[in-house]
Amino acid sequence: MQRVKTDRLKYKLIFFSTLALLLIIGAFFSEYLCPYDPYEQNLAIAKAAPSAEHLLGTDRFGRDMLSRIIAGSYTSIFSTLLLVGFITVFGSLIGIICAWSGKWIDTIMMRLADMFLAFPGLVFALAVAAVLGGGVHNAILALAAISWPKYARLARSQALAQQSSTYMQAAKMAGNSTFQLIRRHVLPNISGPILVTAMLDIGTMMMELAGLSFLGLGAKPPIPEWGSMMSDTRNLLAAQPWVTLSPGIAIFVSVMIFNLLGDTVRDWLDPKNRR
């Protein structure tokens with residue numbers, strides 16, 4: 001029975017990993033996958049309904065919606081991956097430093113993390129993005145500023161648990177330096193929970209980036225980005241719903257794939273499911 005459960009997890013992991021990889025590859029080569037120029041305007045076919053020629057219709061400027069959604073995947077997906085990668089590495093590094101240094105560095109950094117965690121995340125990100133002036137890069141910086149404490153606390157707690165273990169004491173007596181202890185023993189043992197948290201954060205960060213863009217604090221038109229595309233066409237929802245719903249569905253599908261992949265990775269790394 002356990003064998004069957006493990007096989008199911010393996011197949012789920014392969015399936016969702018394949019979907020996520022196809023999504024990333026498609027976003028990377030989005031420039032070559034667009035059937036039309038995503039920036040080309042043709043007012044003669046503005047707000048055209050979905051048809052064989054334009055599968056998802058056109059927007060108010062006559063731009064092909066399918067092409068803009070495909071082109072927008074590059075900004076939406078890679079901005080999210082860049083953000084998650086940055087907060088994972090930076091937050092984990094801060095957490096390990098705090099666990100190893102202790103005393104005043106640990107106190108200062110953890111109180112700083114508490115200060116960031118005390119604010120409602122998206123509200124604080126809105127304030128930071130507004131101060132920075134909007135734009136994709138500033139939206140990433142704003143979300144990074146509020147998201148790293150979670151990884152710092154997780155890495156710190158995991159590193160402290162490893163630091164007090166018996167095998168770590170033996171490694172210290174064997175003459176390993178601090179760098180060797182962290183590289184050989186700490187990182188391999190704390191990477192699992194951090195990886196799972198990062199995978200589950202991809203969908204959340206994608207929605208928050210889209211939210212900032214929707215509010216005008218992220219990507220700026222005419223750059224195709226799913227959140228800004230929904231914002232730019234929200235007043236057409238009643239008359240031409242395909243213009244607004246198309247990027248929304250793209251966000252939904254992408255977030256669902258990454259969330260399901262994160263859940264599967266979490267189950268796969270759980271020793272109880274792999275006995």
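How much space lies in the second largest cavity? The second largest cavity holds about 50 Å³ of space, and the model in which it was found is a predicted one, so that what follows describes computed geometry according to the prediction. The wall of this cavity is made by T75, S76, S79, V136, A139, L209, S213, G218, A219 and E225, and the elements that contribute two or more residues to it are helix 3, helix 6 and helix 8. Of these, helix 3 provides the largest share, three residues. Sorted by class, the lining of the second largest cavity has four nonpolar, five polar and one charged residues.

This void is one of three cavities of 30 Å³ or more that a search of the whole structure finds. The largest cavity encloses about 100 Å³ of space, and the residues that line it are D59, R63, M65, R68, P221, P222, I223, S228, M229, D232, T233 and V243. Helix 3 and helix 9, the latter spanning 226-232, each supply at least two residues of that lining, with helix 9 giving the most, three residues. The class count for the largest cavity is six nonpolar, two polar and four charged residues. Helix 3 thus appears in the lining of the largest cavity and again in that of the second largest cavity.

From the cavities we turn to the pockets. About 200 Å³ of space lies in the largest pocket, which is lined by 14 residues, those nearest its centre being L23, I69, I70, S73 and W226. Two or more lining residues come from each of helix 1 (2-28), helix 3 (65-101) and helix 10 (241-269). The lining of the largest pocket comprises eleven nonpolar residues and three polar ones, with no charged residue among them.

The second largest pocket contains about 150 Å³ of space, and its lining consists of F116, L117, F119, G121, I146, S147, K150, D201, T204, M205 and E208. Here the elements that give two or more residues are helix 4 (103-118), helix 6 (136-163) and helix 8 (178-214), and the largest share, four residues, comes from helix 8. In contrast to the largest pocket, whose lining has no charged residues, the lining of the second largest pocket has three charged residues beside five nonpolar and three polar ones.

Helix 8 also takes part in helix packing, and two of its partners can be described in turn. Two packed helices are described by the angle between their axes and the distance between the axes. For helix 8 and helix 10 the angle is about 170° and the axes are 9 Å apart; since angles over 145 degrees count as roughly antiparallel, helix 8 and helix 10 are therefore roughly antiparallel to each other. On the side of helix 8 the contact is made by G192, L195, V196, M199, L200, I202, G203, M206, M207 and A210, and on the side of helix 10 by I251, S254, V255, F258, N259, L261, G262, D263, V265, R266 and L269. By class, this contact has 14 nonpolar, five polar and two charged residues.

The other partner is helix 7, residues 166-173, whose axis comes within 11 Å of that of helix 8 and crosses it at roughly 170°. Helix 7 and helix 8 are therefore also roughly antiparallel to each other. In this contact Y167, M168, A171 and K172 of helix 7 meet L181, H185, V186 and N189 of helix 8, and the residues divide into five nonpolar, two polar and one charged.

The UniProt record can now be set beside this geometry. Its unreviewed entry carries the annotation "transmembrane region" for residues 12-30, 77-100, 112-133 and 236-261. In the model, residues 12-30 are 95% helix and 0% strand, with the end C-alpha atoms 26 Å apart, while residues 77-100 are 100% helix and 0% strand, with the end C-alpha atoms 34 Å apart. The unreviewed entry in UniProt also lists residues 77-262 under "domain: ABC transmembrane type-1". This span is 83% helix and 0% strand in the model, and its end C-alpha atoms lie 16 Å apart.

Notes: Residues are numbered from 1 along each chain as its sequence is written. This is a predicted model: local features need pLDDT of at least 70, side-chain atom pairs count only at pLDDT 80 or more; totals for chains, interfaces and linings use all residues. Side-chain values use heavy atoms; hydrogens and water are left out. On a 1 Å grid over the protein atoms alone, a cavity is a set of points where a 1.4 Å probe fits but cannot get out, and a pocket is an open set with protein on both sides within 12 Å along at least five of seven lines; lining residues have an atom within 4 Å of a point. Grid points are joined across faces, edges and corners, and a volume is the space filled by probe spheres set on the points. Ala, Val, Leu, Ile, Met, Phe, Trp, Tyr, Cys and Pro count as nonpolar, Asp, Glu, Lys and Arg as charged, and the others, Gly among them, as polar. Axes are lines fitted to C-alpha atoms, for helices over the stretch in contact, and angles run from 0 to 180 degrees between N-to-C directions. Angles under 35 degrees count as roughly parallel, over 145 as roughly antiparallel, 65 to 115 as roughly perpendicular and the rest as oblique. Contact means heavy atoms within 4.5 Å. UniProt positions are given in the numbering used here, feature names are shortened, and annotations may be inferred rather than shown by experiment.
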